[in-house]
Amino acid sequence: MHASELPLGASLIRVLVGEDAGGLRTDKLLADALPDLSRARVQALIAEGQVEAREAPCTEEGVQVVDETKTKLITNASSKAQPFTAYDVMHPAAKAAEPEPQDIPLTVLFEDDHLIVINKPAGMVVHPAAGNEDGTLVNALLHHCAGTLSGIGGVARPGIVHRLDKETSGVMVAAKTDQAHKALAAQFASHGADGALERAYWALVWGHPRRRKFTIDAPLGRHPNDRKKMAVVSEAVGRRAVTHLEVKKRFEPEGKPVAALVECRLETGRTHQIRVHLTKEGIPVIGDPVYGRSHMTMANGLPEPAKSVANAFSRQALHAYLLGFSHPKTAEKLIFEADLPPDMAKLLACLEAL
């Protein structure tokens with residue numbers, strides 16, 4: 001790539017390799033030659049297709065001349081650097097430290113000068129993070145609210161006082177002033193113990209819940225063997241987690257219980273709480289790719305079309321259908337509900353038809 005073809009703000013750095021430098025790992029050679037870039041950053045640029053190599057033989061006078069017609073994309077960071085080669089490293093422009101507003105459609109359930117309540121779709125990340133720098137709910141809110149969101153908690157999470165997992169749909173509230181943010185955060189911190197906050201979810205689960213109404217009180221912490229997962233752990237290392245459940249419907253084709261619709265109400269708000277608690281109970285959420293793998297073959301025992309719909313369900317069938325809280329300014333009790341999204345409604349209809 002020539003300098004004239006670079007994206008706005010990007011830079012092109014050329015590293016000439018002579019006879020002696022050949023044989024070193026490409027990532028190490030480039031990192032040593034470019035002190036402003038770490039070896040990990042060089043590896044990332046190679047993985048992103050930002051490093052090219054061109055033949056650069058020496059003239060009789062000992063001057064290396066780059067042959068711009070003979071270009072090779074470097075795709076393996078551990079490959080050996082070749083002698084008499086020019087390595088061109090394209091370094092993209094740095095991204096803004098703060099999230100940028102993006103015109104992403106939102107389903108707004110309520111909005112005033114103090115807060116906004118939305119129905120988050122499955123697949124939308126709440127706030128920017130590594131691997132999800134844009135396209136998030138925060139980006140959408142920054143555009144929709146035109147700079148009126150609060151910034152408590154850091155610029156990466158303006159207005160956000162709670163979150164839902166990426167693949168969990170449902171009702172969320174965001175603050176538009178610092179005062180509203182503080183008041184809402186206090187309600188979420190108490191997790192409904194004072195009666196101000198109310199949260200309920202619909203979950204479609206595999207298995208047969210033995211009781212109609214029950215409570216799971218089991219502490220949660222990081223999984224001992226997989227730090228990306230949560231697990232039920234001892235009280236000594238975990239945080240208290242309480243989920244109240246009520247079975248609303250059981251699906252029993254030919255008298256064989258296979259699935260159920262469960263209402264889950266939170267007394268605490270731990271990461272992946274409902275998903276882990278339901279798995280502990282032996283009734284994992286349908287489609288859960290992390291905690292429901294042991295029940296992935298359950299769909300094969302269903303008749304069509306439920307079999308195909310359940311097998312194609314690629315996210316946890318979990319929807320935050322109800323959120324109630326006290327308005328941070330007026331103290332009025334507000335309750336919002338969101339119908340099941342189309343994918344869960346279709347799955348529920350197939351199970352009801354069994």
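Which exposed residues does helix H7 carry on the face turned away from its buried side? The views below come from a predicted model, and the opening close-up takes up that question.

**View A. Helix H7 and its two faces.** Turned away from the buried side of H7 is a face that carries the exposed residues Pro342 and Lys346. The helix itself covers residues 342-352, and its buried residues are Met344, Leu347, Leu348, Cys350 and Leu351. Those five sit on the same side of H7 because they cover an arc of only 160 degrees around the axis. The general pattern helps here: an α-helix has 3.6 residues a turn, so residues three or four places apart point the same way. As for what covers the buried residues of H7, look for strands E8 (198-206), E12 (242-251), E13 (259-266) and E14 (318-326), and also for helix H6 (306-312); these are included in the cover.

**View B. The open sheet built from E1, E4, E2 and E3.** Here you can follow an open sheet of 4 strands, in the order E1-E4-E2-E3, with antiparallel pairing. Strand E1 (11-17) and E3 stand at the edges, and each has a single partner strand, so one side of each is left without a neighbour in the sheet. Going from one strand to the next, the twist averages 25 degrees. Zoom in on E1 and E4 and you'll find them paired in the antiparallel sense over 7 bridges. To pick out a bridge by name, start at leucine 16: its bridge partner is alanine 86, in E4.

**View C. Helices H1 and H2 lying across sheet strands.** Stay with these strands, but look at the helices that lie across them. Helix H1 (residues 26-33) lies across E1, strand E2 (51-55) and E4, and it runs at about 110 degrees to E1. Helix H2 (residues 39-47) lies across E2 and E4, at about 90 degrees to E4.

**View D. Aromatic rings that pair up.** How many aromatic pairs are there? The count comes to 3. One aromatic pair joins tryptophan 202 and tyrosine 321, and it is stacked, with 4.5 Å centre to centre and 15 degrees between the planes. Tryptophan 202 belongs to strand E8 and tyrosine 321 to strand E14, so this pair ties together parts that are 119 residues apart in sequence. Are tryptophan 202 and tyrosine 321 buried or exposed? Both are buried. Elsewhere in the aromatic picture, Phe110, Phe325 and Phe336 form one cluster.

**View E. Three loop spots with backbone details to look for.** Begin with proline 305, in the loop between helix H5 (273-280) and H6. The peptide bond leading into this proline from glutamate 304 is cis, with omega near 5 degrees. Next comes phenylalanine 84, in the loop between strand E3 (71-73) and strand E4 (85-91). Phi of phenylalanine 84 is near 55 degrees, which is a positive value in a residue other than glycine. Its relative accessibility is 30%, so phenylalanine 84 counts as partly exposed. Finally, find alanine 331 in the loop between E14 and strand E15 (333-337). Alanine 331 also has a positive phi without being glycine, near 70 degrees. With a relative accessible area of 57%, alanine 331 is exposed, because exposed means over 50%.

Definitions and conventions: Residues numbered from 1 in each chain as written. Predicted model: local features only at pLDDT ≥ 70, side-chain atom pairs only at ≥ 80, totals over all residues. Heavy atoms only, no water. Buried < 20%, exposed > 50% of the residue type's maximum accessible area, 1.4 Å probe, protein only. Arc of directions from axis to C-beta. Contact = heavy atoms within 4.5 Å. Pairing = 2+ DSSP bridges. Axes fitted to C-alpha atoms, helices over the stretch in contact; angles between N-to-C directions. Phe/Tyr/Trp six-rings, centres within 6.5 Å; stacked < 30°, edge-to-face > 60°.
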